[in-house]
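This briefing goes through one protein chain, beginning with the confidence of the model and ending with a single residue. Please read it with the structure open alongside.

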Amino acid sequence: MSFLDRPLYRDVRFVDRLRSLHSEPNEGAVERSREKRSGPHAVLVDYHIHTPLCAHAEGEPAEYVERAIALGIAEIGFCEHSPWKIQRPGEKLAPDDEEFAQLVRTVASLQHRYGETPSGPIRVRLSIEMDYVPDRLDRVRDYLDKYPWDYLVGSIHHLDQWGIDHPDYVAEYERRDIAKLYEEYFATVGDLAETGLFDVVGHVDVIKKFGYRPACDLRPLYRHMASVFRRADVVVELNTSGRDKEAGEFYPAPSFMAALAAEKVPFTLGSDAHHPNEVGRHFAEARAMLLDLGVGEIVAFEKRRRRFVPL
Ligand SMILES: [Zn+2]
Ligand SMILES: [Zn+2]
């Protein structure tokens, strides 16, 4: 019996659970249209979960798992920052190698505790949010076979030494030509995809996090990126955290999502939770947006093999 056939997955109404746990105002219309379409076979994954080892998240790993179970999420993936993340002296943004080894052991024990039987309540996946730093790719390669990964996420948090998503360094945006910055950022995202090292591109347009956007129409750029991802055969994460930042919308932007869907680039789903309460955040809305774009499946991973699961 495949885990999708387990009674829990057949019976759980994810949307009902999400609605009861997340009271999101102004969603009445979305809720109604979703209700009609929500099938009993819907399978949600939350593939972007942090832990206190990055020193800017709270809550024990088991608390994140418990929250995901309460939401009816079928799979949870721990996706902690990589030890080679760029950090200034005195800054702590990621676990070191030893701490990462400890996290891998913790995830293994959670897999044993929650998912060892076919009727286990959830699948716990092992991942890593690998920093894409062009001159640190040797570190990426060292980690490729170091642990039994279910999937590898590649993310950009720095351009040169500048931490583009860190609130302490926002002032740098004021000094930049934003249109040029977007070009540089997305060229780097393209390079990331084309390395072929990563299964998933993380928070693909995080450059908008603090609300800095160029005046130009970004749709041609989105179409170009979609074709790059398609050729690189990489999955794009629908990361719901951007909705809670100045950007005010998911990563990727709605018109970027549309370009990706048109190009048939596959999606997976992640909350980028840094607190157990953020697990599965805005997933009902994310699911409705994907369905509206005609995307009826997302990607789940096991030992770096893809599987499409219904939304
Ligand atoms: Zn990130
Ligand atoms: Zn993250």
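The structure is a predicted model, in which the mean pLDDT of the protein is 89 and 86% of the residues reach 70 or more. Two stretches call for caution: over residues 1-13 the pLDDT is below 50, although this stretch still has 19 contacts in the model beyond near neighbours in sequence, and over residues 22-40 the pLDDT is likewise below 50, with 18 such contacts. Where pLDDT is low, the predicted coordinates should not be read in detail.

**Overall composition**

- The protein contains 11 helices and 11 strands, and of its 311 residues 41% are buried.
- Among contacts with a separation of 6 or more, 77% are between residues that lie 24 or more positions apart.

**The seven-stranded sheet**

- An open sheet of 7 strands follows the order β1-β2-β3-β4-β7-β8-β9, and its pairing is parallel; the edge strands, each of which pairs on one side only, are β1 (45-49) and β9 (267-270).
- Strand β2 (residues 75-81) pairs with strand β3 (residues 123-131) in the parallel sense over 7 bridges, and within this pairing Glu80 has Ile128 in β3 as its bridge partner.
- Towards the other end of the strand order, strand β8 (residues 235-239) runs parallel to β9 and is joined to it by 4 bridges, with Val236 having Phe267 in β9 as its bridge partner.
- Although β9 is an edge strand, both of its faces are covered, since Phe267 and Leu269 on one side and Thr268 and Gly270 on the other are all buried.

**Helices α4 and α5**

- Helix α4 (residues 61-71) lies across β1, β2 and β3, and runs at about 145 degrees to β2.
- Helix α5 (residues 97-115) has 19 residues and reaches 26 Å from its first C-alpha to its last, which is close to the 27 Å expected at 1.5 Å a residue.
- In α5, Phe100, Leu103, Val107, Leu110 and Gln111 are buried; these residues lie on the same side of α5 because they cover an arc of only 105 degrees around the axis.
- An α-helix has 3.6 residues a turn, so residues three or four places apart point the same way.
- The buried residues of α5 pack against α4, β2 and β3, whereas Glu98, Arg105, Ser109, His112 and Arg113, on the other side of α5, are exposed.

**Ala261 and the region of α11**

- Ala261 lies in helix α10 (residues 254-262); is this residue buried, exposed or partly exposed? With 18 other C-beta atoms within 10 Å, Ala261 is partly exposed, because a residue counts as buried only if 20 or more such atoms lie within that distance, and as exposed if there are 12 or fewer.
- Ala261 and Ala226 are 35 residues apart in sequence, and their C-alpha atoms are 8.5 Å apart in space.
- Leaving aside residues up to four places away in sequence, Ala261 touches Leu293, Gly294 and Val295, and of these Gly294, just after α11, takes a positive phi of about 85 degrees.
- In helix α11 itself (residues 283-292), the buried residues include Phe283, Ala284, Ala286, Arg287 and Ala288.

Terms used:
Residues are numbered from 1 along each chain as its sequence is written. Chains are lettered from A and ligands numbered from 1 in the order in which they are written. This is a predicted model: local features need pLDDT of at least 70, side-chain atom pairs count only at pLDDT 80 or more; totals for chains, interfaces and linings use all residues. Two residues are in contact if their C-beta atoms, placed from the backbone, lie within 7 Å. Helices (H or I, at least four residues) and strands (E, at least two) are DSSP runs, numbered from the N terminus. Two strands pair if DSSP finds at least two bridges between them. Axes are lines fitted to C-alpha atoms, for helices over the stretch in contact, and angles run from 0 to 180 degrees between N-to-C directions. pLDDT is the predictor's confidence in each residue, from 0 to 100. The expected span of a helix is 1.5 Å times one less than its number of residues. The arc is that of the directions from the helix axis to the C-beta atoms.
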